[in-house]
Every structure is written in structure tokens, then in C-alpha cells.
Amino acid sequence: MMAFYFSRLVEIFPFFLKGLWMTSKIAFISLVTCTVIGFILGIFRSSNNIILKRLVGVYVAFVRGTPFVVQIFIIFFIFPEWGIQLDAFPAALLAMAIMGSAFICEIVAGGIDSIPKGQWEAATSSGLTLIQQLRLVIVPQAMKVILPPLVGQYVLLIKDTSVVSVIGVMELTRVGWVTVVRIPEGLMVFSLVGALYFVISYPLILLSNYLERKMAV
């Protein structure tokens with residue numbers, strides 16, 4: 001029986017590859033979006049503007065303090081009641097952007113806050129504008145602190161793409177659930193799902209470990 005299930009799994013393996021492609025697409029778009037938004041929010045979070053800092057803090061606290069699946073349900077099921085209708089794929093991207101940017105925001109803010117005040121004073125005395133100070137002096141130094149946890153967060157975000165299956169996005173986990181109906185051997189099916197997630201996550205794990213060693217030297 002196991003041999004029969006395995007042969008069936010081999011037959012529908014292209015279906016898993018389609019799910020892997022969807023997962024990779026969601027992950028790539030989300031990581032780019034989260035990084036851009038997260039860096040902007042992180043800069044705001046570390047600014048001297050108390051109002052802006054607290055507003056971002058409330059956003060971050062709410063997103064980090066609520067389950068990701070609840071955020072997806074709000075976007076996909078509640079937003080239409082307010083006149084905002086989104087298909088499953090853009091809803092998944094929006095949910096990933098909101099969730100990921102909050103975590104990346106804290107990483108970026110922590111990196112910027114680790115820079116000594118003397119560096120800010122030196123940049124200011126050089127006549128640089130605030131944007132130039134951040135771009136040329138502060139952020140390049142902060143990247144030493146930011147990069148390792150940032151790459152680690154990327155791995156977590158890739159794995160969190162599995163949650164978007166609850167709204168019907170045919171990504172890797174959803175493919176696993178559909179397949180297990182045809183092949184009632186859950187361990188075999190989801191071992192394959194886990195292996196495919198590992199394939200796209202492991203390079204980032206290696207990169208994170210490399211950056212931690214390199215930045216520690």
C-alpha cells in the first residue's frame with residue numbers, strides 16, 4: 001500500500017512544484033515589500049519625533065501582538081464589509097506585508113539605535129541633511145547589527161506563507177491538504193511539503209549563520 005501511495009505521490013509531484021512556485025512568488029514579493037516598508041518604519045521608530053515614534057510603536061505592538069491568521073481573516077473577510085474587496089492572492093500579499101514590516105521595523109530600529117550619538121553629531125557637523133546622514137553614515141554602520149536577524153526573519157516569513165492557505169491560496173501547504181485527501185498518508189505527503197519548504201529556506205539559514213560569524217569578527 002505504501003508503494004502505491006508513493007507512486008501516486010510521484011505522479012502528482014508537478015502539482016507540488018506549482019505550489020512551491022506560488023509559495024516562492026508570495027515569499028519574494030512579500031520580502032521585498034516588507035523590507036522597504038520595514039526600513040521606513042524602522043527609521044521613523046528610531047526618530048526623535050515622539051508622535052511619529054509612538055504611532056509606529058502602536059502599529060508594531062498591534063501586529064506583533066495578534067495572530068497572523070486573524071490578520072488574514074480581517075483583510076480577506078472583514079475588509080469587503082467596508083467596501084475593500086481583495087482576491088486571495090493580493091490579500092495574502094497585503095497580510096504578509098503588514099506582518100513582516102512590523103517585525104523588520106523593530107530590527108531596523110534596534111540597529112539604528114545601536115549607533116553611538118557621536119556618529120550622529122559628526123554627520124550633522126559635516127553639514128549633511130538628515131537623509132544623507134542616514135544613507136551615508138548611520139544605516140551603513142547599522143547594517144552590521146541589522147543583517148543577521150533580518151535574514152533570520154526572512155526565513156520565518158517564508159514559513160509563514162503557509163498560513164495564507166486558510167484563504168484558499170494554492171501554495172505549498174494548501175497543495176498538501178488537497179493531496180492528503182487523495183493520498184491518505186499524511187506523514188508521506190507533509191514530509192514532502194516540509195522538504196520543499198526546507199529547500200527554499202535552507203540557503204537563507206546558511207546565509208544568516210554566515211553573516212552572524214562574519215559580523216562577529
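In the predicted model, Trp82 counts as exposed because its relative accessibility is 58%, and exposed residues are those over 50%. Trp82 is located in the loop that runs between helix α4 (68-78) and α5 (88-113). The residue also contributes to a nonpolar surface patch of about 680 Å². The other members of this patch are Val70, Phe73, Ile74, Phe77, Ile78, Ile84 and Val166.

Thr23 gives the opposite case with respect to accessibility. Its relative accessibility is 0%, so Thr23 counts as buried, the limit for that class being under 20%. Thr23 belongs to helix α2, which spans residues 13-45. When residues up to four places away in sequence are not counted, Thr23 touches Thr161, Glu171, Leu172, Tyr197 and Ile200.

Gln119 falls in the class between buried and exposed. A relative accessibility of 30% is the reason why Gln119 counts as partly exposed. This residue is part of helix α6, made up of residues 117-125. With neighbours within four places in sequence left aside, Gln119 is in contact with Val137, Ile138 and Gln141. For Gln141, a polar contact is found as well: the side chains of Gln119 and Gln141 are joined in this way at 2.9 Å. The distance from Gln119 to Ser46 was also computed. These two residues are separated by 73 residues in sequence, and their C-alpha atoms lie 15 Å apart in space.

Methods: Residues numbered from 1 in each chain as written. Predicted model: local features only at pLDDT ≥ 70, side-chain atom pairs only at ≥ 80, totals over all residues. Heavy atoms only, no water. Patch = residues over 30% accessible without salt bridge, like charges linked within 9 Å, V, L, I, M, F, W, Y side chains within 5 Å. Areas by Shrake-Rupley, 256 points an atom, 1.4 Å probe, with all protein chains shown as cover. Salt bridge = Lys/Arg side-chain N within 4 Å of Asp/Glu carboxyl O. Helix = DSSP H or I, 4+ residues; strand = E, 2+ residues; numbered from the N terminus. Buried < 20%, exposed > 50% of the residue type's maximum accessible area, 1.4 Å probe, protein only. Contact = heavy atoms within 4.5 Å. Polar contact = N/O pair within 3.5 Å; in protein donor to acceptor, adjacent residues only side chain to side chain.
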